[in-house]
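User: I should like to understand how the descriptions of this model are justified. Please set each term against its criterion as we proceed.

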Amino acid sequence: MNEKKFEYAIHEYKTPFYMFDTDILAMQVRKIRDVLGDDAELCYAMKANPFVIKDLEEMVDSFEVCSPGEFSICERAGINMGKVVMSGVHKKHEDMEYTLKHYGDQIIYTAESLSHWQILTACTESLQIPVRVLLRLTSGNQFGMDESLIRQIIAGGVHKFITIEGIQYFSGTQKKSITKLENELHMLNQFCLDLNREYGFKVKRLEYGPGLPICYFEEEKNEEDQMLYGLAESIKKLTFGGRVALEMGRFIAAPCGSYVTSVVDMKTNKGEPYCIVDGGIHQLNYYGQMLAMKKPPILHFNHREGDRKEWTVCGSLCTVNDVLVKQYPFQNLQTGDRLIFQKTGAYSATEGMSLFLSRDLPQILLYSAKENFRIARSHFQTDVLNYFKPKETKLWNNY
Ligand SMILES: Cc1ncc(COP(=O)(O)O)c(C=O)c1O
């Protein structure tokens, strides 16, 4: 651990805060690229952590963008629109019209339903702008389309303004079985080959979200590398002849994040030692955590000599569910100490129920040895979002 960076951040910045170390981010991308070689492109699913997209821009081939909000972030960050894959289950005509008008054919779009396809057709025809499209195959949920609908669209033949680039597929996150990855890639390869045989349609791009896992808990075996190598081997076996783009969020971003919170109170209730921190479960999210029973990697920063004792760490929300971890052994824990929850680079800052109880959003710091600390977001008051004085509106019976 680079103790110095934590020492500085803790001295300088009020908790709770996230710290995303972009050197660690770069190391993780390099590791993934080293294993995959030229066999696959990397597409970063920005929902995992939008704060690091600019730092990732030169390191990844593309960004999966899933909402108008995520798209605005790309615009504000000045992301090269040639790297954007406009994805997402809810696409609106006006959003598509906007991106087409402003960015022309630079962006690739996914179609997850017949109505997405129809919106794309209508927009491209009215604006006379060509686009490239990926058809998303469903894995048996609300996302994507059935094979039969994809076949129907492809059988529809050449479209004046739309080039179908290929297929998108994602079936879930935190996958821990190499066999599952192998089976999915085998199925996708076969589907691509069938489309070529049956319709003369060549899949140029297979955009696949492998959902590679991060080992979050002390009691779990770390199989991150094994899964990455297994994925690389499965990709080598593909024969459909197009490019593969791996759509990943968690595996890229999780290792770079630390969530830092302070102990603000300590007590023993009915024999159980509790410590209260200034953060909470609304800002911290470990996939697979069960009733705070599993132990994520925590650094106790102000460690000092003294007895070890198990503490149940609770946050600042008024709910009994706000338990970050149960019975975690700390050495001589004291009020004011900082706890650093690691591997929080993916989905903690974005997935938490951060508006609950109107607590401030944590500050977000980006760190790298070269650029030192940059503030990506200051503490942000949320009470302003949780109550607006109602405005007068028209009477409904005048409608
Ligand atoms: C379509 C799609 N692709 C990729 C991802 C990223 O998944 P992960 O973070 O497991 O890599 C998601 C996550 O929800 C997704 O919905």
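User: Which residues does L120 touch, leaving out those up to four places away in sequence?

Analyst: The model is a predicted one. Beyond four places in sequence, L120 touches M96, Y109, A111, V131, V133 and I162. A contact requires C-beta atoms within 7 Å of each other, and L120 is therefore said to touch each of these six residues because each pair meets that limit.

User: Which residues have the most contacts inside the largest nonpolar core, and how many residues does that core have?

Analyst: That core has 98 residues, and the most contacts inside it belong to Y44, F63, L120, V133, L135 and V313. Membership requires a buried residue of a listed nonpolar type, joined to others through C-beta atoms within 7 Å. Among the secondary structure elements, strand β7 (residues 162-170) contributes the most, namely five residues.

User: Why is this core said to lie between domain 1 and domain 2?

Analyst: Residues of this core come from both domain 1 (22-254) and domain 2 (255-385), so the core lies between the two.

User: How far apart are the centres of domain 1 and domain 2, and how many residues of each are in contact with the other?

Analyst: The chain is divided into domain 1 (22-254) and domain 2 (255-385). Their centres, taken over C-alpha atoms, are separated by 33 Å. Across the boundary, 22 residues of domain 1 are in contact with 22 residues of domain 2. On the side of domain 1 that touches domain 2, α2 (22-36) and α10 each supply at least two residues. The largest share of that side, five residues, belongs to α2. By type, the residues on that side of domain 1 comprise 10 nonpolar, six polar and six charged.

User: What makes A253 a buried residue?

Analyst: A253 has 33 other C-beta atoms within 10 Å. The threshold for a buried residue is 20 or more, so A253 is buried. A253 lies in helix α10. Apart from neighbours within four places in sequence, A253 is in contact with L25, A48, N49, V52, G345 and A346. By contrast, A253 and M145 are 29 Å apart in space, C-alpha to C-alpha, and 108 residues apart in sequence.

User: What makes Q128 exposed, and how does Q174 count?

Analyst: Q128 has 9 other C-beta atoms within 10 Å. The limit for an exposed residue is 12 or fewer, so Q128 is exposed. Q174 has 14 C-beta neighbours inside 10 Å. Partly exposed residues fall between the limits of 12 and 20, so Q174 counts as partly exposed. Q128 is found in the loop between α6 (114-127) and β6, while Q174 is placed in the loop between β7 and α8 (178-199).

User: What makes the backbone at Q128 and at Q174 worth a remark?

Analyst: Most residues other than glycine have a negative phi. Q128 is not a glycine, yet its phi is positive, about 55 degrees. Q174, likewise not a glycine, also has a positive phi of about 55 degrees.

User: How do you know that the peptide bond joining T15 and P16 is cis or trans?

Analyst: Omega for the bond between T15 and P16 is about -5 degrees, and the bond is cis. Most peptide bonds are trans. P16 is found in the loop between α1 (3-12) and β1 (17-21).

User: Why is strand β6 called mostly covered, and how does strand β5 run beside β6?

Analyst: In strand β6 (residues 131-136), five of the six residues are buried, and the strand is described as mostly covered. Strand β5 (residues 108-111) is joined to β6 by four bridges, and the two run parallel. At least two bridges are needed for a pairing, so the four bridges between β5 and β6 satisfy the criterion. Within this pairing, T110 stands opposite L134 in β6.

User: In what sense does β15 pair with strand β10 and with strand β12?

Analyst: Strand β10 (residues 257-269) pairs with strand β15 (residues 338-342) in the antiparallel sense over five bridges, and V260 stands opposite I340 in β15. Strand β12 (residues 298-300) and β15 also pair in the antiparallel sense, over three bridges, with H300 opposite L339 in β15.

User: Which residues come nearest to the ligand, and how does the shell divide by type?

Analyst: Of the 13 residues around the ligand, A45, T173, G209, G249 and R250 come nearest. The shell divides into five nonpolar, five polar and three charged residues. β9 (243-248) and α10 (250-253) each supply at least two residues of this shell.

Definitions and conventions. Residues numbered from 1 in each chain as written. Predicted model: local features only at pLDDT ≥ 70, side-chain atom pairs only at ≥ 80, totals over all residues. Near = placed C-beta within 6 Å. Nonpolar A, V, L, I, M, F, W, Y, C, P; charged D, E, K, R; others polar. Domains from an automatic or database assignment. Contact = placed C-beta atoms within 7 Å.
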